[in-house]
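Reader: Please take a close look at the ligand site in this model. I would like to know what surrounds the ligand and how that part sits in the chain.

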Amino acid sequence: MAQGSASERREAKTLLLVGGGHAHVAVLADWARRGAPPATRMLLLTPHRHLRYSGMVPGWLAGQHDRDEGRVDLAALAARAGVEWVQGRCVALDPEARTVTTESGAGIAFDLASLDTGGVGRAAAMLGDDPRILDIRPIEGFVERIARWRHPRRLVVAGGGAGGVELAFALRNLAVAETRPEVALVTGGGGLLPGFSEGVRNRAATALMRQGITLHLDDAQIARGAIRAGETSLEPAELIVAALGSAAPDWVRASGLAVNDAGFALVDAHQRSLSHPHIFAAGDVAARADRALAHSGVHAVFAGPVLAANLREGLAGKPPRRTYHPRWNNLYLMNTGDGRAIASYGRLSAEGRWVLALKHRIDKRWIAQYARLTDQA
Ligand SMILES: Cc1cc2nc3c(=O)[nH]c(=O)nc-3n(C[C@H](O)[C@H](O)[C@H](O)COP(=O)(O)OP(=O)(O)OC[C@H]3O[C@@H](n4cnc5c(N)ncnc54)[C@H](O)[C@@H]3O)c2cc1C
């Protein structure tokens, strides 16, 4: 295990941002606005030029946004922040040698690194192999593949969390379909929207019924080539959309970084690796060691400015000072695809067209702040 003091004392020269997720865009924006840390080489490694904002994908499917409206131009934002964009995917990390290897076999050396690559899909592990399965992670691949489906008639969505529920609504209201696809939502044993208040769950169940989406509170499984919810067959189904949560990328555990049981990088309240203090992590790829925190975009977004400040300290050879304190409650706005949305805030819930208007306003404002920065580039 690497020891902190030596690496902290050493002046960091190269910062490598691995992944262009929601936390790293906040880091880039901070440097674009306030100036980059001095005398440092900074790199952003990410496979795609854009970060797609997953919160606007259901709205795109339901015809409320253009396909590419909810994207942040990472290359332009990086340029604005004085960071070099390197197109590529990290497949291995050696925290001792301080190198990252990309899928093309190239090695990138760093002094300080920060990980924000998100998680990977769990469909194959949870459902098995079936050519009809479409995992929502990575979101870019999901968007490309779902865009090819012009007229699906019968779909299954596996996953009862907010992502699965929103996608069930969105696919039922699929803008390009001539006739409304039949949609079955299979939540798993945890039921509909686990962790949300009863009010939100009731509103979602009522909206699903109103829209004719069938709800199965059993585990989705594929047996002998057929998709089932418990004992009920859901065949024929043309497409099985899997929204089963995030798994950790294999290279995180393989790197020797401290990880939790599920293989996510364990970090402290400063987003710093428990085992390797010259490595930070935020968003879905990380797990806080001091508290349980759901994998959700909200936490990646709010941890971003804290990460920016702590990386700045790290580059100056100082220990991190800022701590990410999650709020007690966060506002979640779930698009029901029919021009309405459901709001959740702690035990409170609300629903209506105004909730969707609020969601669109918040989502577009989030995107616009980055577009404004890159327009100034
Ligand atoms: C349909 C849907 C709706 C959602 N709605 C909401 C919502 O309303 N609110 C909410 O809080 N959460 C929502 N979520 C969850 C949210 O999308 C994730 O929690 C969030 O995207 C995680 O952010 P992140 O910064 O960890 O990584 P991501 O946003 O996943 O970004 C990761 C980035 O890293 C890049 N990358 C990936 N692997 C590598 C690699 N090996 N090397 C280099 N770069 C890599 C990717 O290309 C990407 O740019 C939703 C999810 C889905 C699927």
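Author: What follows describes the ligand shell, then the two domains, and then a few backbone details. The model is predicted.

The shell around the ligand has 35 residues, and those that come nearest are Gly19, Gly21, Gly118, Gly283 and Gly297. By class, the shell divides into 16 nonpolar residues, 15 polar residues and four charged residues. Several helices and a strand each supply at least two residues to the shell: helix H2 (22-34), strand S2 (41-46), helix H3 (57-61), helix H7 (162-172) and helix H10 (297-315). The largest share, four residues, comes from H7.

Where does the ligand lie with respect to domain 1 and domain 2? Domain 1 is made of the segments 4-47, 88-120 and 246-326, while domain 2 is made of 123-241 and 330-374. Both domains give residues to the shell, so the ligand lies between them.

The centres of domain 1 and domain 2, taken over C-alpha atoms, are separated by 30 Å. Eight residues from domain 1 and six residues from domain 2 take part in the contact. On the side of domain 1 that touches domain 2, H2 gives the most, with three residues. That side of domain 1 divides into six nonpolar residues, two polar residues and no charged ones. H2 therefore appears in two places, as it supplies at least two residues of the ligand shell and also gives the most to the side of domain 1 that touches domain 2.

Some backbone details can be added for the rest of the chain. The peptide bond from arginine 137 to proline 138 is cis, with omega near -5 degrees. Proline 138 sits in the loop that runs between strand S10 (133-135) and helix H6 (139-146). Glutamate 235 and proline 236 are also joined by a cis peptide bond, with omega about -5 degrees. The loop holding proline 236 is the one between strand S16 (232-233) and strand S17 (239-242).

Two arginines have a positive phi, a value noted here in residues other than glycine. For arginine 98, phi is near 60 degrees, and the residue lies in the loop between strand S6 (90-94) and strand S7 (99-102). Arginine 98 has 20 other C-beta atoms within 10 Å, so it is buried. For arginine 224, phi is near 50 degrees, and the residue is in the loop between strand S14 (220-223) and strand S15 (226-229). Arginine 224 has 5 other C-beta atoms within 10 Å, so it is exposed.

Methods:
Residues are numbered from 1 along each chain as its sequence is written. This is a predicted model: local features need pLDDT of at least 70, side-chain atom pairs count only at pLDDT 80 or more; totals for chains, interfaces and linings use all residues. A residue is near a molecule or strand if its C-beta atom, placed from the backbone, lies within 6 Å of it. Ala, Val, Leu, Ile, Met, Phe, Trp, Tyr, Cys and Pro count as nonpolar, Asp, Glu, Lys and Arg as charged, and the others, Gly among them, as polar. Domain bounds come from an automatic or database domain assignment. Two residues are in contact if their C-beta atoms, placed from the backbone, lie within 7 Å. A residue is buried if 20 or more other C-beta atoms lie within 10 Å of its own, exposed if 12 or fewer, and partly exposed in between; C-beta atoms are placed from the backbone.
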